[in-house]
Each structure stands twice: as C-alpha cells, then as structure tokens.
Amino acid sequence: MKKKTVLAHPCPKCGNSFLAHGKPCGCATPRILAWLGSLHGVVCVSCGHYAPTVKAWNKEWEKKK
C-alpha cells in the first residue's frame, strides 16, 4: 500500500516557497544534534519559521488564508 504524498504549502509567515527539511540550527551546534534535528520538521529558508511536521505547516497556512 502506497502512502499518500503530502506537499508543503509556502511559508505561512512570509509566503516564500523555498523550504528545507529539518530544524534550524546554528554553526555552533554539535554535528550529532544537528543530525538529530534534521530528522523531522519543515523550516523556511528566508525567515526561519519552523513547524514540526508538514501537516502542522499546512494547517498554519490554512489559518492564514
């Protein structure tokens, strides 16, 4: 059984469509923590807005509309 693909909407905060997978982390973050943070979540590349899942991201977009 195939999983249904869920696409992420543009950023609910700034409207940018450049998104990245994982948590935002700085350059001083140890590599293991940065790797663990990259396992889930969606972050906007331009403003840094973060949501833990794609469903939560899309919910925020729908609220904004």
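A contact, as I use the word this morning, means heavy atoms within 4.5 Å. With that in place, let me say at once that what we are looking at is a predicted model, and that among its contacts between residues at least 6 apart in sequence, 49% join residues at least 24 apart.

Let me turn to the overall layout. The protein has 65 residues, of which 22% count as buried, and its accessible surface comes to about 5,200 Å², with 63% of that surface belonging to carbon and sulfur atoms. The secondary structure consists of 2 helices and 3 strands, and if you follow the elements from the N terminus they come in the order β-α-β-β-α.

The strands form an open sheet, ordered S1-S2-S3, in which the pairing is antiparallel. Strand S1, residues 19-21, and strand S3, residues 50-51, are the edge strands, each of them pairing on one side only. Strand S2, which covers residues 42-44, runs antiparallel to S3 and is joined to S3 by 2 bridges, and in this pairing Val 43 stands opposite Tyr 50 of S3.

That brings me to the interior. The largest nonpolar core holds 5 residues, namely Cys 11, Val 42, Cys 44, Ala 51 and Trp 57. I would like to stay with Trp 57 for a moment, since the list of its contacts takes us through several parts of the chain. Leaving aside residues up to four places away in sequence, Trp 57 touches Ala 8, His 9, Pro 10, Cys 11 and Pro 12, then Leu 19, then Val 42, Val 43 and Cys 44, and finally His 49, Tyr 50 and Ala 51.

The last topic is the cysteines. How many disulfides are there by the distance rule? The count comes to 0, with a disulfide taken as a pair of cysteine sulfur atoms within 2.5 Å. Why, then, is Cys 44 without such a bond? Its closest cysteine sulfur is that of Cys 14, and because the two sulfur atoms lie 3.7 Å apart, they are too far from each other for a bond. Cys 47 is likewise in no disulfide, the nearest cysteine sulfur being that of Cys 11, at 3.7 Å.

Are these two residues, Cys 44 and Cys 47, buried or exposed? Cys 44 has a relative accessibility of 2% and therefore counts as buried, whereas Cys 47, at 31% relative accessibility, counts as partly exposed.

Note on methods:
Residues numbered from 1 in each chain as written. Predicted model: local features only at pLDDT ≥ 70, side-chain atom pairs only at ≥ 80, totals over all residues. Heavy atoms only, no water. Helix = DSSP H or I, 4+ residues; strand = E, 2+ residues; numbered from the N terminus. Buried < 20%, exposed > 50% of the residue type's maximum accessible area, 1.4 Å probe, protein only. Areas by Shrake-Rupley, 256 points an atom, 1.4 Å probe, with all protein chains shown as cover. Core = buried A, V, L, I, M, F, W, Y, C linked by side-chain atoms within 4.5 Å. Pairing = 2+ DSSP bridges.
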